[in-house]
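Visitor: I'm new to this one, so could you take me in for a close look at the ligand and what surrounds it?

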Amino acid sequence: MVHFVGAGPGAPDLITQRGAALLRAADVVIYAGSLVNPALLGLCRQDCSVYNSAQMTLEQVLEVVRAAHAENRDIVRLHTGDPCLYGAIREQMDALDALGIPYDDTPGVSSFCGAAAAACAEYTLPGVSQTVIITRMAGRTPVPEREGIAALAAHGATMVVFLSAGMLDGLQAALLQGAYTPDTPAALVYKATWPEEKVVRCRLGALAQAGRENNISKTALVLVGDFLAPDYERSKLYDPSFATEFREAKP
Ligand code: SAH
């Protein structure tokens with residue numbers, strides 16, 4: 001069968017134990033070579049056949065899977081971060097359904113979590129934002145019009161923008177059409193959890209400039225919102241005067 005596996009954001013020890021076990025057991029691994037850390041392939045058996053999907057079409061991936069399945073071999077399809085975000089897994093799953101090949105899916109640590117960790121940030125601060133918008137700029141893949149950056153930015157919520165580090169001028173302009181101001185804090189997180197990881201903090205008004213100054217135009221996430229500012233309210237959950245199912249309130 002085929003195991004879709006989330007490789008995590010980069011550091012090889014951030015794959016799940018289940019994902020690592022599947023990699024160790026695999027007869028065939030097809031990995032997204034543009035972003036998956038090749039160090040993870042060190043977990044594979046010596047006799048495992050390894051394919052880099054960065055050089056393959058969907059049809060070629062399916063052909064490798066079909067041939068391997070016909071020989072009763074176990075296949076891991078390794079995607080960066082968590083496969084559920086910009087992973088193009090649905091089209092693979094639908095094709096596997098049509099071929100009658102079974103599959104399952106093992107989650108991974110998405111890069112948006114890796115980026116928060118790199119910045120030691122909490123996306124959902126009381127009194128600041130309780131919502132995280134995950135989106136991207138339209139590129140060769142279109143984005144539905146109602147989901148344009150400016151429309152989403154109207155919420156002023158925490159935003160994490162994927163796949164857009166090469167379009168920072170346009171992104172900055174679109175974000176500024178929403179509820180954010182040039183002073184709203186932002187961060188560019190390059191290669192979160194890789195040895196080359198870089199966190200560049202700036203104001204939204206200087207986002208594109210920060211990208212240029214730091215030579216960041218790919219493999220990065222843009223974080224925007226007041227969660228990066230110093231002010232917030234403390235949590236109710238850990239407030240002494242707040243009773244919970246597990247703890248009595250103290251006056
Ligand atoms: N499924 C992946 C996202 C794949 S789309 C996940 O859950 O993370 C590829 C985009 O993800 C890149 O263009 C970049 O915006 C982002 N990305 C992936 N790995 C990253 C990392 N380690 N640091 C920063 N951004 C990363």
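Guide: Let's start with the company the ligand keeps: its shell is made up of eleven nonpolar, five polar and two charged residues. Here Ala, Val, Leu, Ile, Met, Phe, Trp, Tyr, Cys and Pro count as nonpolar, Asp, Glu, Lys and Arg as charged, and the others, Gly among them, as polar. Before we go on, this is a predicted model, where local features need pLDDT of at least 70, side-chain atom pairs need 80 or more, and totals for chains, interfaces and linings use all residues. Residues are numbered from 1 along each chain as its sequence is written, and side-chain values use heavy atoms, leaving out hydrogens and water.

In total, 18 residues surround the ligand, each with a heavy atom within 4 Å of it. The closest are P9, L85, S110, S111 and A220.

Now for the polar contacts (pairs of N or O atoms within 3.5 Å). A ligand nitrogen is 2.8 Å from a polar backbone atom of D82, and a ligand nitrogen is also 2.9 Å from a polar backbone atom of T80. For L163, a backbone N or O atom lies 3.0 Å from a ligand oxygen. On its own the ligand has 540 Å² of accessible area, and the protein covers 94% of that (Shrake-Rupley method, 1.4 Å probe).

Where does this happen in the chain? An automatic or database assignment divides the chain into domain 1 (2-106) and domain 2 (111-228). Each of the two gives at least three residues to the ligand's shell. Their centres, taken over C-alpha atoms, are 29 Å apart, and their contact takes eleven residues from domain 1 and twelve from domain 2, counting heavy atoms within 4.5 Å.

Note on methods
Polar contact = N/O pair within 3.5 Å; in protein donor to acceptor, adjacent residues only side chain to side chain.
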